[in-house]
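This report looks at how side chains pair and pack in one protein chain. Please keep the sequence and the structure in view while reading.

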Amino acid sequence: MKINHDIIRKSTFIKNFKRLYNQRSIIGYFANRFQWHYYPRFSYVRNYPIHVDIELSSHCQLNCPMCFRFHRKIENLGNMDFETFKTIIDSISGKVYSIKFTGRGEPLMNKRFPDFLEYLKHSKFSEVAMITNGLLMTDEIMHCVIDNNMDFISFSIDGLKDTYEKIRYPGKYEDIFDIVSRLHQLRMKKGKNKPLIRIQSVNVSIEDEDEYLTRWSPISDDIFFLFYKDYSINAKNIQLDNYSCPLLYQRMMIHYNGTVPMCINDEYEDSIMGNILDDSIEKIWQENFANSRKLNKKGLRVESFENCKKCSLTREGHGKNKTQNTKPGIN
């Protein structure tokens, strides 16, 4: 079983050591890594997921060509309300290792983002993170993520100037560089080492790796390239019969309205496991996911679940199967 080998890390040894050193608990971190990699291998299910992804918003101000939204629109758009957020946090605080603000939209589209972080002050998580395009990050939000001890922020920055502005239109390359620079400077000014700043890019958008690393390394703590995912409906499915998906043992995705899809890659909610406003997160994870895990283990995932049939992770074009001369929205 291959476990989530979807990235190529480009950080130096020193930065990787710093990233490890800045964990809230180094022992807890290594215990988490063991669970993440080996629980799926042994089909072991905890009472709660190891990690929970929280979608603060399904809106996004961009329309990037490598995103699933570019190929098919999301019908139900909205922002998570504060009560739903509280329900999630109160249910899983101290019971899951980490949470991340991610999903089908841009987290900073939700105007209550500072309130959400403030509410996390008294929660118990070993890691709180966010993935963002960064273009909506204001000075207020910068202070908020630093003062509330967010662990890391991943900025999606695909390619250098012309490539970036073509992919992330109408975003401007110098604008996002200025935003990340100011966050880095403010963190230093406050004498803090968090949030760690991660820079991520889809691998096929990198035309000059050395220039990219030279530009972003001084103001970041981690850089990695993500394998391109082909969301085209015509992409050939190359799943092996014996492939067993690890996500069903690792993480839970909760959409803005409380809906729990079968996995983070079920963007269109083809297989719904429940809603946290109707059932407890523990019940959904333990009972509602049980049949999915059973069929997945038997190798019947493609026949049983529409989202598995369309999964970008096991389609031609993902990762090393992608022909490098085909660049979405670039050529």
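## A buried charged pair

Asp222 and Arg198 are both buried, in what is a predicted model. The two residues form a salt bridge in which the closest N and O atoms are 3.3 Å apart. Asp222 belongs to strand 7 (residues 222-226) and Arg198 to strand 6, so this salt bridge ties together parts of the chain that are 24 residues apart in sequence. Arg198 also appears among the residues in contact with Phe155, a residue taken up again under the nonpolar core.

## Other salt bridges

How many salt bridges does a search of the whole structure find? The search gives 18. Side chains of opposite charge can pair when their charged atoms come close.

One of the salt bridges joins the side chains of Asp151 and Lys194, with 2.7 Å from N to O. This pair links distant parts of the chain, 43 residues apart, since Asp151 sits in the loop between helix 6 (139-147) and strand 5 (152-156), and Lys194 in the loop between helix 8 and strand 6 (196-202). Asp151 has a relative accessible area of 5% and is therefore buried, and Lys194, at 13% relative accessibility, also counts as buried.

Lys310 and Asp270 meet through their side chains in another salt bridge, at 2.8 Å from N to O. Lys310 lies in the segment after helix 14 (306-309), while Asp270 lies in the loop between strand 9 (259-261) and strand 10, so the pair ties together parts that are 40 residues apart in sequence. Lys310 counts as partly exposed at 31% relative accessibility, and Asp270 counts as partly exposed at 32%. Elsewhere, Glu55, Arg104 and Glu269 are joined into one network by salt bridges that share partners.

## Aromatic pairs

The count of aromatic pairs comes to 15. In one of these, the rings of Phe85 and Phe101 have their centres 6.1 Å apart and their planes at 50 degrees, so the pair is classed as tilted. Because Phe85 lies in helix 4 (residues 82-92) and Phe101 in strand 3 (residues 98-101), the pair ties together parts that are 16 residues apart in sequence. Phe85 is buried, as is Phe101.

Tyr173 and Trp216 form an aromatic pair of the edge-to-face kind, with 6.0 Å from centre to centre and 90 degrees between the planes. This pair links distant parts of the chain, with Tyr173 in helix 8 (residues 173-189) and Trp216 in helix 9 (residues 209-216), 43 residues apart. Tyr173 and Trp216 are both buried. In addition, Phe82, Phe85, Phe101, Phe113, Phe116 and Tyr119 form one aromatic cluster.

## The nonpolar cores

In soluble globular proteins, nonpolar side chains tend to be buried together. Here the largest nonpolar core holds 65 residues, of which Ile99, Phe101, Phe113, Met137, Phe155 and Trp216 touch the most other members. Helix 8 gives the most to this core, with 7 residues. Phe101 and Phe113, named in that list, are also members of the aromatic cluster.

Which residues does Phe155 contact, once its neighbours within four places in sequence are left aside? Phe155 is in contact with Thr132, Gly134, Met137, Ile176, Val180, Leu183, Ile197, Arg198, Ile199 and Gln200. Apart from the largest core lies another core, of 7 residues, among them Cys64, Ile167, Val202 and Val204.

## Charges over rings

Tyr38 is found in helix 2 (residues 26-42), and its relative accessible area of 36% is why Tyr38 is classed as partly exposed. Arg41 lies over the face of Tyr38, at 5.4 Å from the ring centre. The C-alpha atom of Tyr38 is separated by 32 Å from that of Asp158, a residue 120 residues away along the chain. A second example is Arg293, whose charged end sits over the ring of Tyr249, 5.7 Å from its centre.

## A buried asparagine

Asn275 has its place in strand 10 (residues 272-275). Is Asn275 buried or exposed? At 16% relative accessibility, Asn275 counts as buried, because the cut-off for buried is under 20%. Leaving out residues up to four places away in sequence, Asn275 touches Asn257, Gly258, Thr259 and Ile284.

Definitions and conventions
Residues are numbered from 1 along each chain as its sequence is written. This is a predicted model: local features need pLDDT of at least 70, side-chain atom pairs count only at pLDDT 80 or more; totals for chains, interfaces and linings use all residues. Side-chain values use heavy atoms; hydrogens and water are left out. Rings of Phe, Tyr and Trp (its six-membered ring) pair if their centres lie within 6.5 Å; planes under 30 degrees apart count as stacked, over 60 as edge-to-face and the rest as tilted. Helices (H or I, at least four residues) and strands (E, at least two) are DSSP runs, numbered from the N terminus. Buried means under 20% relative accessible area, exposed over 50%, partly exposed in between (1.4 Å probe, protein chains only). A charge sits over a ring if NZ of Lys or CZ of Arg is within 6 Å of the ring centre and within 35 degrees of the ring normal. A nonpolar core is a set of buried Ala, Val, Leu, Ile, Met, Phe, Trp, Tyr and Cys residues joined through side-chain atoms within 4.5 Å. Contact means heavy atoms within 4.5 Å. A salt bridge is a side-chain nitrogen of Lys or Arg within 4 Å of a carboxyl oxygen of Asp or Glu.
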